[in-house]
Amino acid sequence: MKKRFIALAALSLSSQAYAQYTQTAIKTLPYPQAKKVDTVNTYFGTKVPDPYRWLENDQAADTKAWVQAENKVTQGYLAQIPYRDAIRKRLETLWNYEKFGAPFKEGKYTYFTKNTGLQSQSAVYRQVGNGAPELFLDPNTFSKDGTTSLAGIDFTKDGSMAAYLISEGGSDWRKVIVLKAADKAIVGDTLTDVKFSGIAWKGNDGFYYSSYDKPKVGSQLAGMTQHHKLYYHKLGTPQSTDKLIFGGEQTPRRYINASLTEDQRFLVITAANTTTGNELYVQDLSKPGSAITQVVDNFESEADVIDNVGSKLYIFTNLQAPNFRVVTVDAANPKPANWKDLIPETKNVLSVSTVGGKIFAKYLKDATSLVEQYDMTGKKERTIQLPSVGSASGFGGKKEEKETYYTFTSYIYPPTIFKYDLATGKSTVFKKPTVQFDPTKFESKQVFYTSKDGTKVPMIITYKKGVAMNGKNPTLLYAYGGFGVSVTPSFSTSNIVLLENGGIYAVPNLRGGGEYGENWHLAGTKLKKQNVFDDYIAAAEYLVKNNYTSKDYLAISGGSNGGLLVGATMTQHPEMFKVAFPAVGVMDMLRYNKFTAGAGWAYDYGTAEDSKEMFEYLYKYSPYHAIKPASYPATLVTTADHDDRVVPAHSFKFGQRLQESQQGTAPILIRIETKAGHGAGRSTAQVISEQTDKWAFMFHNMGVKYPAATN
């Protein structure tokens, strides 16, 4: 194979430090040589070569050697950027403030999470009334390097016991540990091999949880997880004797989740084969031996029970309501034909929560929050007065509570916790962060631009007041565009580095997301997936046309499905961008369904086996397959060795082929985090390290000084 070399080009700088840098001999860094194999798959008569198929075997010695060699090149390149350490120190300073999670009540205690600043993981504290807080559970003690995280905690109704889940190295596979709340003594054995599951306690006797049969040893990260199973674990008994409640061979489903109504009367089961749409079942536990009753018998819509009053069920659904609604029905005859609207569908997308005998309707209005309070009869009581335009989350709790908490944030509003009085509707600040950021110096505005087919798409653009719109501002364009996920305004400590350095952060709400309901989602799925890429491209064009930035100062970024977005966009239009950050992306669209839970994404993507038309559509935009010899933007691919959601082979194969095909001088690097997964649960040090490398790579390849003179 022909060797390609990347060189760290000198910046045009003026300060003494930078001048010294330009005089330093810059070491050229060769990409590792990688073997090619003759693997070929045939789809509807078309032969598709896959020369880097061998990188799918994460356990193989040659894959491990390739990873080590690529990381050496990447770290060698990044180490030469003179202001990398300055960025790291700035991020550490910015990150070093107390961070709190919204309180929740269990038994006599009020619990909350807290991170003192640079701790690897947030710890769980509790207090009685206004008493002094005490440490309840400290994930920082789970492992020496901080890479084992708390992945969830659920208490019994009386608060006397808790079951918490841990993730090791970022894996989706969990362990479950049960303890007594009073003295934190562990109860019974640790449950293992639990995945995509919450904990649903039934009294103090035991709990429901879900998992898969674990893949064979050697393929635990990449092996397919097909059939979810719902179990009941009785405390004090071995996990091997846990009772199968739902799923398995008789009712094979890919995703199964369980919950109990607060009064413990109804077991609620949702079952699905893809990430969109689910069946709904209930079981009346007040009647011994009662059967599991099917409420919704198809996967065409979503439905879940959010509450009950006696036998009356309150169901949240988008059945015959793409923007969602709340309905009621008697559990004795729960089929959709008997449903009655309680909170009807509106033009804004609805999500709901309950607390204190109230229903909180949380609407998305152009991707920002509008919250209304209802009583259990469906009567609107008030609209919640939020601090400004942004995102509000929370408004949940038990029926006897008189107050609740919510968190409000935006791109320029650090996440602040408010206490809310249910009777008066009054909000008071409960915890305000002390991050070094002055919102009055920054601006965040929403614009609407036109996509290729004429569709209007919203985008929020954030920057420091007074920044000249001269086309030279370093700009990061971030988006997701898939799975009905809504991207709403949220504060990022890391983004301060960009904003205070005269940069711009732009977030469009692409089709494929859920910002405008299920119809908006469907407009970016399967044979309409190109709409998502077109929306993203149009956002970039808008920013350039209006002089926010230019192609020499524009970076694109996205993770997971957003990594696919970046990969597809940069291969379709490599000339439009200076820098690209495809993170943990789905890059091989012909084989994504062969790994872990990937087959469950077929509702959004379709598969290469569906039809000749679907294969040809996927083959055309699949980032791994769309790479051709061209001049690509400076690219930093990021993934992690424990990612068992989107397996790292996607990024490995994409990165290797991109290096091979690069005709320009911009670097193509891959950064592979160790002891990390798809993103959740990473230690603070891991997060800061990655963000340091991102900004250093971006600024350097744009020729931007750090810190800028305007900082």
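This report describes one helix pair, two sheets and one buried residue in a predicted model.

## Basis

The model is predicted, and local features need pLDDT of at least 70, side-chain atom pairs count only at pLDDT 80 or more, and totals for chains, interfaces and linings use all residues. Residues are numbered from 1 along each chain as its sequence is written, and side-chain values use heavy atoms, with hydrogens and water left out.

## Helices α3 and α12

Helix α3 (residues 84-95) packs with helix α12 (residues 684-702) at an angle of about 135°, and the axes are 9 Å apart. Helices are DSSP runs of H or I with at least four residues, and strands are runs of E with at least two, numbered from the N terminus. Axes are lines fitted to C-alpha atoms, for helices over the stretch in contact, and angles run from 0 to 180 degrees between N-to-C directions. The two helices are therefore oblique to each other (under 35 degrees is roughly parallel, over 145 roughly antiparallel, 65 to 115 roughly perpendicular, the rest oblique).

On the α3 side, R84, I87, R88, L91, E92 and W95 meet residues of α12 that include V687, I688, W695 and F699. Contact means heavy atoms within 4.5 Å. By class, this contact has eight nonpolar, four polar and four charged residues (Ala, Val, Leu, Ile, Met, Phe, Trp, Tyr, Cys and Pro count as nonpolar, Asp, Glu, Lys and Arg as charged, and the others, Gly among them, as polar).

## Sheet β22 to β25

Four strands form an open antiparallel sheet in the order β22-β23-β24-β25. Two strands pair if DSSP finds at least two bridges between them. The edge strands β22 (303-309) and β25 (340-343) each pair on one side only, and the twist averages 35° from one strand to the next.

Between β22 and strand β23 (residues 312-317) there are six bridges. D304 stands opposite F316 in β23.

## Sheet β26 to β29

Another open sheet of four strands, also antiparallel, has the order β26-β27-β28-β29. β26 (349-355) and β29 (380-383) each have a single partner strand, so one side of each has no neighbour in the sheet. Here the twist averages 25° from one strand to the next.

Eight bridges pair strand β27 (residues 358-365) with strand β28 (residues 368-375). The bridge partner of Y363 is L370 in β28.

## Residue F136

F136 lies in strand β9 (residues 134-137). Its relative accessibility is 4%, so F136 counts as buried (under 20% relative accessible area; exposed is over 50%, partly exposed in between, with a 1.4 Å probe and protein chains only).

F136 and V124 are twelve residues apart in sequence, with their C-alpha atoms 5.5 Å apart. Leaving out residues up to four places away in sequence, F136 touches V124 and others, among them Y111, I153, F155 and L179.
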